[in-house]
Amino acid sequence: MLNLTDKITNPEAIKLINDLKSGAFFVPLKAKAIRYKWFIISGGIITVLLIALSIGKTIFRGSDKPVFLPPDIGVLQPTFEKTSVSDYEWIRQNIINFGTELPDPVIPFFDNIIDLESDNIY
Amino acid sequence: MKLSIVIFIFAIFFAPSILASAKSDYDFQYGQYRQYYPEYRLLKADYLNTSSLDNQQKVILSAKQTILSRDLAKASFSWYILDLIGNTKTDYSPIQPIISSLAASRQFYLAEAEKSQTVITQEDLKKFTLTYTKSVAHHDRMIKFGIIANKLATLVRTQLDSNIALENLVSKLPGSLPATVTARIRELRESAKVVDVKIDLLAKNLEFLEAEESADAEIFFSSRVEKMAEIQTLQRDWIDRLIDLEKNYAQPNR
């Protein structure tokens, strides 16, 4: 069996080995663990929850219903009807624009009796 | 001074006919009348309330200005209607007497506008208006007949254009035509004649020379609206059939 003390001559290392053997090395660690125990417990719980969520998500993905997509029928091309403008469209427009309301143009009002006697008030 | 007045009147009468269009001239002259007439009304009301010499002079001056603008506006309106008829480029004989009379009426309004400026006293104004009211009725009626004549000329123009279009289309069609197409062309020619007859009847019923006073009736315009709408519908139907013929036989591969 390998005797570490035979070969290790560094006094600091020897001290560390002795502390490990005697358990003196773990005393300050134990004190810190007791001091921060609630942080450690909380951290543990969060870690467990995250792991549980990850496992649950994986299970849920595995149970997704299959999605049925319609078959690809390609892009529909709009159909353009070939339109042609008539050479006589302007006549049709003239007829449409013809106003049948009369009088057109409207006759404005003119007072034919301009004098100083009559009392024609409009 | 006299020379400048003569130049001014000359400019008023002749400058618009050279520089402006009939419509813009009418808009301007009628705008002048609309400005002067209310002023005259106010001054006349003042004078009738307080018959002072000062008020009398003011209202006479205003009346002269109003008469001038009124008759120039009427002359411009007549010119505007004549211009509309002229733009149709038709030579439709039934409306020729109306065109001549309307042109004469325009000259009457211009002459009256010039004559109104000789008015000096209240008595002059009274005489002027008395004479004016006796003779103006005929000329005011000519404006009404002119408006109908313009509509008739427009309908006739459409008939002329439509007939030219039909002959043009026939020349484009191939030599050997199916019997149905020949029948449709014959039908279009006959339909055009029917519309011509309706327009002639509308012109004849104007009774321009026989019953000039009919223009004073309230139904003078309204009684003709329906007839014109009927002719318009027939013309629309006619041109639709022509265009259909063109699309199917004259330009099937266009």
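Helices here are DSSP runs of H or I with at least four residues, numbered from the N terminus. The model is a predicted one, with local features needing pLDDT of at least 70, side-chain atom pairs counting only at pLDDT 80 or more, and totals for chains, interfaces and linings using all residues. Residues are numbered from 1 along each chain as its sequence is written, while chains are lettered from A in the order in which they are written.

Helix H2(A) covers residues 11-22. Taking 1.5 Å times one less than the number of residues as the expected span, its 12 residues should span 16 Å, and the end C-alpha atoms do sit 16 Å apart, which agrees. None of those 12 residues is buried (20 or more other C-beta atoms within 10 Å of its own, C-beta atoms being placed from the backbone). Right after H2(A) comes A:Gly23, with a positive phi near 85°.

Moving on to the A–B contact (C-beta atoms within 7 Å), chain B puts in 44 residues and chain A 26. On the chain B side, H2, H3, H5 and H7 each supply at least two residues, with H5(B) giving the largest share, 15 residues.

The largest nonpolar core (buried Ala, Val, Leu, Ile, Met, Phe, Trp, Tyr and Cys joined through C-beta atoms within 7 Å) has 68 residues. H5(B) again shows up, with the largest share of this core at 16 residues. Among the residues with the most contacts inside the core are B:Phe145, B:Ala149 and B:Leu152. Neighbours within four places in sequence aside, B:Ala149 is in contact with B:Ile85, B:Ile95, B:Ile98 and B:Ile99.

Methods:
Two residues are in contact if their C-beta atoms, placed from the backbone, lie within 7 Å.
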